[in-house]
Amino acid sequence: MLETLHLLATVFMVGVIAFVQVVHYPLMARVGAGHFASYESGHTARTGWIVIPPMVIEAVTALWLAVESVGTPSAAPALVGAGLVGVIWVSTALLQAPAHGRLIRGFDEVTHRRLVLGNWIRTVAWIFRVPIAVLLLP
């Protein structure tokens, strides 16, 4: 059950991050300076409602599975998976959240470019997490 919940949270987030990376973030540059601060404020508030619950579920289950797997054959994938969750959260805290904090004051091309490029870290980490989560299924 825990492994399935973990996989579902991970797969959900891969879908979200793929959409954000390929569609949503690049299109932010087309919103227009006059409306961008309002758009970004709405984006961050609404996105939080969608991503925070599955991110927390994924992190808690990844850590739980890593702790439970110590000394078992699934220890290595569980620890790598938990490590990738750490990469995702650190990237979110150090790159994406500060970029959104700057963009909420208005569009800035350099910040936007850093947001899009830096988000590849999370995108790749989440994609790699899917096969790991599958490996952890009973």
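**Close-up views of pockets and salt bridges**

**View 1. Four helices line the largest pocket.** Helix H1 (2–27), H2, helix H3 (75–103) and H4 each supply at least two residues of its lining. The model is predicted. The largest pocket holds about 340 Å³ of space. Its lining counts 18 residues, and the closest to the pocket centre are Thr 47, Val 51, Thr 92, His 100 and Arg 122. H2 gives the most, with seven residues. By class, the lining of the largest pocket has 10 nonpolar, seven polar and one charged residues.

**View 2. The second largest pocket encloses about 170 Å³ of space.** H1 and H2 are the elements that give two or more residues to its lining. Among the lining residues are Gly 15, Phe 19, His 24, Tyr 39, His 43 and Ile 50. Thr 47 and Val 51 also line the second largest pocket; both are among the residues closest to the centre of the largest pocket. The lining of the second largest pocket divides into six nonpolar, four polar and no charged residues.

**View 3. A salt bridge joins Arg 129 and Glu 58.** The closest N and O atoms are 2.7 Å apart. Arg 129 sits in helix H4 (residues 109–135) and Glu 58 in helix H2 (residues 33–69), so the pair links distant parts of the chain, 71 residues apart. Arg 129 is buried, at 0% relative accessibility. Glu 58 is buried too, at 1%.

**View 4. Arg 113 and Glu 109 form a salt bridge within helix H4.** The N to O distance is 3.6 Å. The partners lie four residues apart, about one turn of the helix. Arg 113 is partly exposed, with a relative accessible area of 42%. Glu 109 counts as exposed, because its 53% relative accessibility is over 50%.

Note on methods:
Residues numbered from 1 in each chain as written. Predicted model: local features only at pLDDT ≥ 70, side-chain atom pairs only at ≥ 80, totals over all residues. Heavy atoms only, no water. Salt bridge = Lys/Arg side-chain N within 4 Å of Asp/Glu carboxyl O. Buried < 20%, exposed > 50% of the residue type's maximum accessible area, 1.4 Å probe, protein only. 1 Å grid on protein atoms, 1.4 Å probe; cavity = no way out; pocket = protein on both sides within 12 Å on 5 of 7 lines; lining within 4 Å. Points joined across faces, edges and corners; volume = space filled by probe spheres on them. Nonpolar A, V, L, I, M, F, W, Y, C, P; charged D, E, K, R; others polar.
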